[in-house]
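Dear colleague,

Here is the structure I promised to hand over, with its sequence. Please open it first; my notes on what was found follow below.

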Amino acid sequence: MAQRGFTTHPLVVRRLTVLRTREVTSRMRRITLTGDDLRPFDRSGARQPGFASSAFDDHVKLVFTEGGDLAAALPVQLPHGIEWPPCPDRIARDYTPRRFDPDSGELDLDFVVHGHGPAVTWAQNAVPGDVLHIVGPKSSTVLPGDLDWIVLAGDETALPAIGRFLDERPIDVPARIALIADPGAVQDELVLREGDTIRWVHADPADPSAVEALIRDVVPDTGNGYVWCAGESRSLIPVRRFLKRERGLPKSHVNVTGYWHAEARGQASPAPADAPAAPSAVASPLPWLVTRAALTMGVVDTVADAGTIGLAALAAKTGVPADRLRLMLDPLLGHGVLAGGEDGLGLGPFGERLIDDEHLREEFEGHHADLLLALTELAPALTADIPAWQVRTGGTLRARAEEDAETYAELMESAESLAFNLGGLCADPLWGQVRRAIVTGPGSVAVVEALTEAGHTPAITVVEADVPSTVLRAACADPGAVVWAASPPPADVAVAVLALGHRTDGEIADLLTELRSAAPLAVLVDSSRPDALGPGAAETALLGLAATSRPPRDGRAVARLATAAGWRVEAVRPLGWGVEATTLRAE
């Protein structure tokens, strides 16, 4: 968390109007937007900051509906953040600010106007006076400061970001520009300097081989560089593999982003392992289980490293007998994890995604997967009213997190998004009177960093068991700036951050009782409901049952637990994206 290469911005909903339009090329239209909401303004009882966009590849979210109520689709503006309410008609699209001039109050967005979709349709028909609602940017990338060169590559959709980089030059190093584009998309207005190079290639932007060949040709073999690339999602899979596995560039020096998805052409590709079954059938767990086994045994990674490998060689490298590996081939081939045959196995389309997407991979072998496996014990867990995790493992998830660093680290990863939600917590007037604070839970580091950035300087003690404390220390930018303890010392306030979702009701009661013995005031920062842009509510509720035998606890559930532990609910402050801060005072 301390290593994040980005800065965050307050999330604000802005209503803008079209000032003018211009055809940059026959395939790209520039819309210049303006409006009072680009400057600081008052809304929801707070002063909202002016529009800020500090990085060339920032993106704002445009909100549309198709035949629905736009007002219902817009996020709700909170004093310090936003909340996305459920809305089946909402369509949101991300676009890069091509130019922002705070003096004139003008924001340019460039739209590729071939194809179809709500954003393209809006841009093709936009005239001065039309209204557009945007949200963001929520963060801006911070480039490393030790670069010798930078590669900026992609297709037509990457042009706004590349053009902005060349205009603003956030770093003074030679830029190598490589673009796959239609002849009609070539822009003569790109601002090049001495030492820069630019190459236009006319090819299919969804062709992985064409994209990979371009990147291989343009990335230098020496020097310390940064590669930024954007385009069609699947075409970028071999690019990531080349940069990571062959070129050996660290994550901090690579930013490869899928901006769009090509529609299937011709014969449909095999259904991915997570594809839903036909409505008339219940999906078999077999493909998921086999895919999980292939990942945990190293089959997928071995095939990825080899490119193409025979079954016998794969068995030798993984240590799994060939006759047993053979039993897995049909589901792995049928669901696109692998491709080819026994004499030459390669990655299928879903296997490429597993190599490319860490979050997708975690659904098969990370904490998310462990929770899914715990749901095999859902029936006895519901009957006995104990967590399915506990039925399966013999202990609670909290107990596992206290003993296993990897489990706690995965819980801590869910706190990374708190960087966008803690403005409301830091704006609470209580911090003006706090001299000593206790912080506990997987989100402890996020709160410590947010309070520091907001200028609050209480003496902070992070309270956690030994193993969680070690994980939190490793993620903290300045672990020496706080005290680390296994039990809470006396304090003015105790903050529990994402500490409820991996605890049973009894464990929460113990935590609240412990905090009450140390502080007269407590703040619980936790998710009370699924975010409308995130996973479905039903899935979230079931995973909650697996973890704690409870779905995400709403305000009433938290209040009941707090009251039983001797607290009184003093205030509930929504922080955005389903996260709330509940302030408790000891009775």
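The side chain of Arg90 comes to 2.6 Å from the backbone oxygen of Pro85, and since this is a predicted model, that distance is a computed one. Arg90 belongs to strand β9, which covers residues 90–95. Arg90 counts as buried because its relative accessible area is 13%, and the limit for that term is under 20%.

Further along the chain there is an open sheet of five strands, in which the pairing is parallel and the order is β16-β15-β14-β17-β18. The edges are formed by β16 (197–201) and β18 (254–260), and each of these has a single partner strand, so one side of each is left without a neighbour in the sheet. On average, and ignoring direction, neighbouring strands of this sheet are turned by 10° against each other. Strand β15 (residues 175–180) runs parallel to β16 and is joined to it by five bridges, and within these strands Ala178 stands opposite Arg199 of β16.

Two helices lie across strands of this sheet. Helix α3 (residues 159–168) lies across β14 (149–154), β15, β16, β17 (225–232) and β18, and runs at about 160° to β15. Helix α5 (residues 237–246), for its part, lies across β17 and β18, running at about 175° to β18.

The largest nonpolar core consists of 38 residues, and those with the most contacts inside it are Leu418, Leu422, Trp431, Val493 and Val525. Helix α18 (residues 444–453) supplies the largest share of this core, namely six residues. Leaving aside residues up to four places away in sequence, Trp431 touches Leu425, Cys426, Ala437, Leu451, His456, Pro458, Val493 and Val495. There is also a second, separate core of 28 residues, which includes Trp288, Val299, Ala315 and Leu345.

How much of α18 is covered? The helix is mostly covered, with eight of its ten residues buried; among them are Ser444 and Glu449, alongside Val445, Ala446 and Leu451. The buried residues of α18 pack against the helices α17 (423–426) and α19 (466–475), and also against the strands β21 (436–440), β22 (459–463) and β24 (493–497). Just after α18, Gly455 adopts a positive phi of about 90°.

With best wishes

Definitions and conventions. Residues are numbered from 1 along each chain as its sequence is written. This is a predicted model: local features need pLDDT of at least 70, side-chain atom pairs count only at pLDDT 80 or more; totals for chains, interfaces and linings use all residues. Side-chain values use heavy atoms; hydrogens and water are left out. Two strands pair if DSSP finds at least two bridges between them. Helices (H or I, at least four residues) and strands (E, at least two) are DSSP runs, numbered from the N terminus. Axes are lines fitted to C-alpha atoms, for helices over the stretch in contact, and angles run from 0 to 180 degrees between N-to-C directions. Contact means heavy atoms within 4.5 Å. A nonpolar core is a set of buried Ala, Val, Leu, Ile, Met, Phe, Trp, Tyr and Cys residues joined through side-chain atoms within 4.5 Å. Buried means under 20% relative accessible area, exposed over 50%, partly exposed in between (1.4 Å probe, protein chains only). A polar contact is a pair of N or O atoms within 3.5 Å; within protein, one must be able to donate a hydrogen and the other to accept it, and residues adjacent in sequence count only if both atoms are side-chain atoms.
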